[in-house]
Amino acid sequence: MVDAAAEAFRFDPYPTYNRWLAQPGPFHSPAHGAWIVSRHDQVSALFRNPLVTNRTEKAGVLGDTMLAHDPPDHGRLRSLVADAFGGAGVRALESRIAALTDEQIDSIAELSQFDFVEHFADRIPGRVMMGLLGLPIADLPMLRACADMAGGPEVSARNMGRLSDYFAGIIRERESCPGEDLVTPLLAAQAHGGRASMTEVLATCVLLLLAGYETTSSLLGNGMLLLLRHPDQYARVREDPELIGPAVEEMLRFESPTHFPSVRAAKEPMEIGGQSIAAGDRILACLGAANRDPSVFADADRFDIGRAPNPHLAFGIGIHGCPGALLSRTEARIVFTRINARLGELHLDVSDPRTFRPSWRRHERVRGLRSLPVRR
């Protein structure tokens with residue numbers, strides 16, 4: 001049986017978020033088993049609050065990632081990938097990202113109609129991460145299927161198990177034959193100096209694949225849909241490629257790839273927005289709401305690529321801010337730049353754009369498209 005309320009929320013969660021934002025502080029949601037924090041200033045404060053912990057007994061392999069640790073273990077695990085996702089590491093990838101985008105453009109040269117998610121939003125982030133991790137490109141379809149956490153708890157657990165088994169095999173290969181990839185230095189950190197356990201190495205590999213693929217894929221698909229639905233803004237980008245950078249930031253704000261990041265918990269009694277939170281209570285930030293907070297963003301429900309300043313929280317803030325934020329932004333900037341330059345103007349390939357209902361992934365935490373039909 002289809003849950004009509006859940007389907008309506010998936011299609012458009014923003015009326016619900018506006019009701020949340022109208023409240024002065026957090027409220028407890030029995031459905032989530034947590035306090036929901038939606039206002040921009042309160043989410044920002046939550047992410048920086050030392051009385052809040054990320055140790056919330058996450059099940060499976062993700063319980064051994066940096067996402068599930070507090071300092072000092074969080075910093076230790078984050079340092080393992082800092083160089084790869086820092087400025088120099090990402091700059092070294094720019095030519096590769098451009099080449100992958102051009103390959104995809106060449107692959108659809110004869111097509112007048114295609115699925116933007118299939119050919120660009122899914123494939124390019126997937127191939128970037130496959131390259132970083134030194135994985136066979138033939139394994140991408142299987143890994144992409146496992147990275148889709150939209151099938152409910154049982155499917156997610158099964159997919160996590162498959163990813164764990166897969167990377168256990170990759171780690172065994174790297175132990176006997178090191179490569180020029182991110183897995184090899186992770187193993188070196190484990191073997192020399194004990195900066196990570198083997199379990200943490202495996203967990204970090206899984207996290208890199210999931211975070212590196214899912215977030216950027218959603219950003220690309222959501223961003224293209226926003227341009228197609230706002231022809232005035234699309235025209236500005238096409239006329240002035242320098243606006244692509246600010247446009248990506250507005251895409252991140254307006255249709256954030258992640259709406260609910262990791263669950264946190266109160267270490268001891270605390271207060272958020274005048275609401276008392278008991279020790280041990282779970283707390284869930286809603287980035288999708290915070291990035292539409294009218295007290296921070298004028299005309300918050302308007303997509304405006306010239307918005308400045310634009311202090312969105314799409315990648316979080318504080319010590320748990322997404323380490324791959326720069327790479328995700330860079331991929332989006334390059335992909336949209338190359339598509340604009342080589343494909344010309346795209347259009348929604350639907351009978352009536354005004355009534356078109358996009359196919360969103362069935363996952364509350366992530367806001368991303370399953371498909372996006374376009375034509376040239």
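In this predicted model, two strands count as paired if DSSP finds at least two bridges between them.

Q: In β5, which residue is the bridge partner of Val-52?
A: Let's start with the strands involved. β3 covers 52-53, and it pairs with β5 (residues 264-266) in the antiparallel sense over two bridges. Within β5, the partner of Val-52 is Ala-266.

Q: Which are the edge strands of the open sheet of five strands?
A: Strands of a sheet pair through backbone hydrogen bonds, either parallel or antiparallel. Here the pairing is mixed, and the order runs β1-β2-β8-β5-β3. An edge strand pairs on one side only, which is the case for β1 (27-29) and β3 (52-53).

Q: At what angle to β8 does helix α3 run?
A: Now look at the helix lying on these strands. Helix α3, residues 40-48, lies across β2 (34-37), β3, β5 and β8 (282-285). Relative to β8, the helix runs at about 125 degrees.

Q: Are α7 and α9 parallel or oblique to each other?
A: Helix α7 (residues 94-107) and helix α9 (residues 123-133) have axes 10 Å apart and pack at an angle of about 135 degrees. Angles over 145 degrees would count as roughly antiparallel, and those from 65 to 115 as roughly perpendicular. This pair fits neither range, so α7 and α9 are oblique.

Q: How many residues of the contact of α7 with α9 are charged?
A: From α7, the contact takes in Arg-96, Ile-97, Leu-100, Thr-101, Glu-103 and Gln-104, which meet Arg-123, Ile-124, Arg-127 and Val-128 in α9. Of these residues, four are nonpolar and two polar, and the number that are charged is four.

Technical notes:
Residues numbered from 1 in each chain as written. Predicted model: local features only at pLDDT ≥ 70, side-chain atom pairs only at ≥ 80, totals over all residues. Heavy atoms only, no water. Axes fitted to C-alpha atoms, helices over the stretch in contact; angles between N-to-C directions. Helix = DSSP H or I, 4+ residues; strand = E, 2+ residues; numbered from the N terminus. Parallel < 35°, antiparallel > 145°, perpendicular 65-115°, else oblique. Contact = heavy atoms within 4.5 Å. Nonpolar A, V, L, I, M, F, W, Y, C, P; charged D, E, K, R; others polar.
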